[in-house]
Amino acid sequence: MLMPRKLKHRKQQRGRLKGKALRGNTLAFGEFGLQALEPAWITARQIEAARVAMTRKVKRGGKIWIRIFPDKPTTEKPAETRMGKGKGPPKDWVAPVLPGRVLYEMEGVDIELAKDAMRLAARKLAIRTRFMSRRVQRQMAESQEVAS
């Protein structure tokens, strides 16, 4: 399971998920991608489950990139514990995701297979996502240049 090797502080504050992703919102490696449409914490288990689903669908063909990493610890107090007495111990690792963030990328497969694989991966995540391709991204960029 994904988690950092070392960290400076054992516990972290929750923070806020506001705004849109300013970085990591375009395809950088592959031909196709899966983009988040809402803010959420994606757990390490969800990331791994989606990766396994995609890999199985493409029968270990093509190449897959995971563009998010769970580097934020979440804590939980033990069951039947009274209030107070400090923050609970670290339990899970999550990746904070903002709308627009590219979660996975893929290349080396045809578009239909990539769509099916990304659809399976999206079912493992707790947020709405959309399929993107480099060709469509290029067309959108060109249309914005013409408009301005």
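So, to start: how do the residues lining the second largest pocket divide into nonpolar, polar and charged? Keep that in mind for a minute, and I'll come back to it once we've walked through the fold.

One thing up front: what you see above is a predicted model.

Okay, the overall picture. The chain has three helices and seven strands. If you read from the N terminus, the elements go β-β-α-β-β-β-β-α-β-α. The C-alpha atoms fill a box of roughly 60 × 40 × 25 Å along the principal axes. There are 148 residues, and 33% of them count as buried. Also, take the contacts between residues at least 6 apart in sequence: 82% of those join residues at least 24 apart.

Now the sheets. Let's take the one with four strands. This is an open sheet, the order is β3-β6-β1-β7, and the pairing is antiparallel. At its edges stand β3, residues 63–66, and β7, and each has a single partner strand, so one side of each is left without a neighbour in the sheet. Neighbouring strands here are turned by 20° against each other on average, if you ignore direction. Further in, β1 pairs with β6, residues 102–107, in the antiparallel sense, over four bridges. If you want a spot to click on, go to Gln 35, which stands opposite Val 102 in β6. And helix α1 packs on this sheet, where it touches β3 and β6, with its direction at about 20° to that of β6.

Then there's the sheet with three strands. That one is open too, with the order β2-β5-β4 and antiparallel pairing. The edge strands are β2, at 40–43, and β4, at 72–75, and each pairs on one side only. Here the average turn between neighbouring strands is 50°, again with direction ignored. Four bridges join β4 to β5, residues 90–97, and the two run antiparallel. For a landmark, Pro 73 has Trp 93 in β5 as its bridge partner.

And here's α1 again. The helix covers residues 44–57 and lies across β2 and β5, running at about 65° to β2. So what does α1 touch in the sheet of four? β3 and β6, as I said.

Let me stop at the loop between β4 and β5 for a moment. As general background, most residues other than glycine have a negative phi. Glu 80 has a phi near 60°, a positive value in a residue other than glycine. Glu 80 sits in the β4–β5 loop, and it counts as exposed because its relative accessibility is 87%. Lys 85 also has a positive phi, near 60°, and isn't a glycine either. Lys 85 lies in the loop between β4 and β5 as well, and at 83% relative accessibility it counts as exposed.

Right, pockets. The largest pocket holds about 260 Å³ of space. Which elements give two or more residues to its lining? Those are β7, at 129–133, and α3, at 134–147. α3 gives the most, with five residues. The lining includes Met 132, Ser 133, Val 136 and Gln 137. Gln 35, the residue opposite Val 102, is one of the lining residues too. By type, this lining divides into five nonpolar, six polar and one charged.

Which brings me back to my opening question. The second largest pocket has about 230 Å³ of space. Its lining divides into nine nonpolar, no polar and three charged residues. Among the lining residues are Leu 17, Ile 68, Phe 69, Val 97 and Leu 98, and you'll also find Arg 23, Asp 71 and Arg 101 there.

One more residue from that lining, Leu 22. Is Leu 22 buried or exposed? Leu 22 is exposed, because its relative accessible area is 74%, and over 50% is the cut-off for that label. Leu 22 is placed in the segment before β1, which spans 32–36. And who does Leu 22 meet from further along the chain? Its C-alpha is separated by 8.1 Å from that of Gly 100, although the two are 78 residues apart along the chain.

That's my tour. Happy to spin the model around if anyone wants another look.

Technical notes
Residues numbered from 1 in each chain as written. Predicted model: local features only at pLDDT ≥ 70, side-chain atom pairs only at ≥ 80, totals over all residues. Heavy atoms only, no water. Pairing = 2+ DSSP bridges. Axes fitted to C-alpha atoms, helices over the stretch in contact; angles between N-to-C directions. Contact = heavy atoms within 4.5 Å. 1 Å grid on protein atoms, 1.4 Å probe; cavity = no way out; pocket = protein on both sides within 12 Å on 5 of 7 lines; lining within 4 Å. Points joined across faces, edges and corners; volume = space filled by probe spheres on them. Nonpolar A, V, L, I, M, F, W, Y, C, P; charged D, E, K, R; others polar. Buried < 20%, exposed > 50% of the residue type's maximum accessible area, 1.4 Å probe, protein only.
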